[in-house]
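Subject: A structure for you to explore

Hi there,

Here is the structure I promised to pass on to you. Have a look at it first, and then read on for what turned up in it.

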Amino acid sequence: MIAETLLKFAREEGLEEAEVYQSQTQTLRFDILDQQSRQFVVSDSSGLSLRGTRKGRCASVYSEKTDEASLQALAKQCRELADALETEDTVLFTPGQTPMTDDRSDKTLAKHTASEKIEFMKKIEAAALKKDSRIQRVSACGYQEVASLTTLANTQGLQGTRSSTLGLITLSVIASDGKEQTNGFSWRSIKDLTSQDADELVEEAVQEAVSKLSAVRIPSGRYPAILRYDVATDLLGSLWSMFSSEQIQKDLSVLKDRQGQAVMSPLITIVDDPQLPDGFVSCDFDDEGVPTQRTVLVEKGVFKEVLYDRKSALKANRASTGNGFKNGCSSPVQISPTNLLVEPGDQSLDAMIAQIEEGVLITDLQGLHAGLNPLTTDFSLQASGFKIEKGQIAYPIHLITIAANYLEMMNSIVALGNDGRQDLNGVRCSSLYVENLAISGE
């Protein structure tokens, strides 16, 4: 109704084509500290943007108000801004014939009362403190529940609604052996208040914290290395823009002019899969109203395809892959992956560790934004993890730096794990066994 009213006002103002993007978000979040709920917040936010064209010029405006007077004023503001622009821009609005509905919401969590959710998180905090005597305190124990609704409509008949829900629990703990302190963190996406989710959350956070105690540095050198799935996922998530057609068109991607070439190990296949069951970024259409599709970016090491929105696709004389998304109502459309996945291999993490006589398992990286060059894919990052000796985990290591070129590293993969889980940005990579990795230590 709001979108239809705004489009009507846009036509009355003389805008030739117009598009409305509206988002509504309901959020519940709180933390537990010392068995008390803190920072309990219930919020309901909304906003909408109007994009309109007039005489070849396109303007975008944004508002949080949705009453009729505000909508009328927003349409006028868009027309005035378009008239004031001095340059023309090619704008493509997606035509539509039948309404699109993409409902991925789940009402299960909403059936539980706030008191039940608080008690659930209190039990998690208590369980973490009892799990191991070396756990000194719980530094964070958080709950978040988000329900979102996105509406898209334009003057070419497009109508689409997309809804989703997310439940998230997080836990941070501090461990001590009397000499030093270490931290452990874990998170889980949840659909209900289940003991399995709680147990896994506690086990992971506590184990990470206590396993880091008594860590040492190791001599500098080149070592066979395993990047645990979460580390491998962080690296891919920081470098996904190499697959953006816009970055390639701007000569800002190391993959420019390399389609059809082998750029990674034959073990590596990377796909963008918007229909992944329970994927964090699964959706039927993007924020331009284009149907999403599964896109194979790298197939058995060969660079096959890139991601397009409508603007970059027009420039390349291609069709959009359905990867045009907005980072909120006030943001422009940008190319973004949906569920970006490295297809898993066939080896367990333990099996890969067993193959290494002397090497390292990397379980944590720091400084990803400062120590990584997305243009060249070179990186030099502080890391920690474990020393591997005679096929077994020997002891924890820290204060080391790993350095490599990402594509060169991905060409030296010896084995690919069958583990891994998505991060909240929808990226997933299994553990990677790298032939050798430069490490700076003692």
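The expected span of a helix is 1.5 Å times one less than its number of residues. Please keep in mind that this is a predicted model.

**Helix α4 and what surrounds it**

Let's put that rule to work. How far apart should the ends of helix α4 be, given its 17 residues? Helix α4 covers residues 195-211, so the rule gives a span of 24 Å, and its end C-alpha atoms are indeed 24 Å apart.

Next, look at which parts of α4 are hidden. Its buried residues are Asp197, Ala198, Leu201, Val202, Ala205, Val206, Ala209, Val210 and Ser211. Among the elements that cover them are helix α3 and the strands β5, β6, β7, β16 and β17.

Helix α4 also helps to line a pocket. The second largest pocket holds about 820 Å³ of space, and 31 residues line it. Nearest its centre lie Glu204, Glu208, Arg228, Tyr229 and Asp230. Which element gives the most to this lining? That is α4, with six residues. At least two residues each come from β7, α4, α5 (229-239), α8 (349-354) and β15 (358-366).

**Strands around β6**

Strand β6 (159-176) is a good one to trace on screen, as several pairings involve it. With β4, β6 pairs in the parallel sense over five bridges, and here Asp102 stands opposite Arg162 in β6.

With β5, the sense is antiparallel and there are 17 bridges; Tyr143 stands opposite Ile169 in β6. β5 and β6 form a hairpin with four residues between the strands, where Gly157 takes a positive phi near 95°.

With β7, β6 again pairs in the antiparallel sense, over 10 bridges, and Gly167 stands opposite Ile190 in β7. The hairpin of β6 and β7 has four residues between its strands, and Gly178 there takes a positive phi near 95°.

**A five-stranded open sheet**

Now find the open sheet whose five strands run in the order β11-β10-β9-β14-β19, with mixed pairing. Which strands stand at its edges? They are β11 (302-303) and β19 (427-428); each has a single partner strand, so one side of each is left without a neighbour in the sheet. The partner of β19 is β14 (residues 340-342), and the two pair in the parallel sense over two bridges. In one of these, Leu340 has Val427 in β19 as its bridge partner.

**Salt bridges**

How many salt bridges does the model have? The count comes to 23, and a few of them are worth a visit.

Start with Asp284 and Arg104, whose side chains meet with 2.9 Å from N to O. Asp284 sits in the loop between β9 (270-272) and β10 (295-299) and Arg104 in strand β4 (residues 100-104), so this pair ties together parts that are 180 residues apart in sequence. Are these two buried, exposed or partly exposed? Asp284 has a relative accessible area of 32% and is partly exposed, and Arg104, at 30%, also counts as partly exposed.

Lys117 and Glu145 form another salt bridge, at 2.8 Å from N to O. This pair links distant parts of the chain: Lys117 is in helix α3 (residues 114-131) and Glu145 is in strand β5 (residues 135-154), 28 residues apart. Both Lys117 and Glu145 are buried.

A third example joins Asp132 to Arg134, with the closest N and O atoms 3.0 Å apart. Asp132 is buried, with a relative accessible area of 16%, whereas Arg134 is partly exposed at 35%. Elsewhere, Glu13, Arg54, Arg79 and Asp83 are joined into one network by salt bridges that share partners.

**One last residue**

Finally, take a look at Ser253, in the loop between α6 (245-249) and β9. Is Ser253 buried or exposed? Its relative accessible area is 5%, and under 20% counts as buried, so Ser253 is buried. Leaving aside residues up to four places away in sequence, Ser253 touches Met242, Gln247, Ile248 and Leu375.

Enjoy exploring, and write back with any questions!

Best wishes

Key:
Residues numbered from 1 in each chain as written. Predicted model: local features only at pLDDT ≥ 70, side-chain atom pairs only at ≥ 80, totals over all residues. Heavy atoms only, no water. Pairing = 2+ DSSP bridges. Salt bridge = Lys/Arg side-chain N within 4 Å of Asp/Glu carboxyl O. Buried < 20%, exposed > 50% of the residue type's maximum accessible area, 1.4 Å probe, protein only. Contact = heavy atoms within 4.5 Å. 1 Å grid on protein atoms, 1.4 Å probe; cavity = no way out; pocket = protein on both sides within 12 Å on 5 of 7 lines; lining within 4 Å. Points joined across faces, edges and corners; volume = space filled by probe spheres on them.
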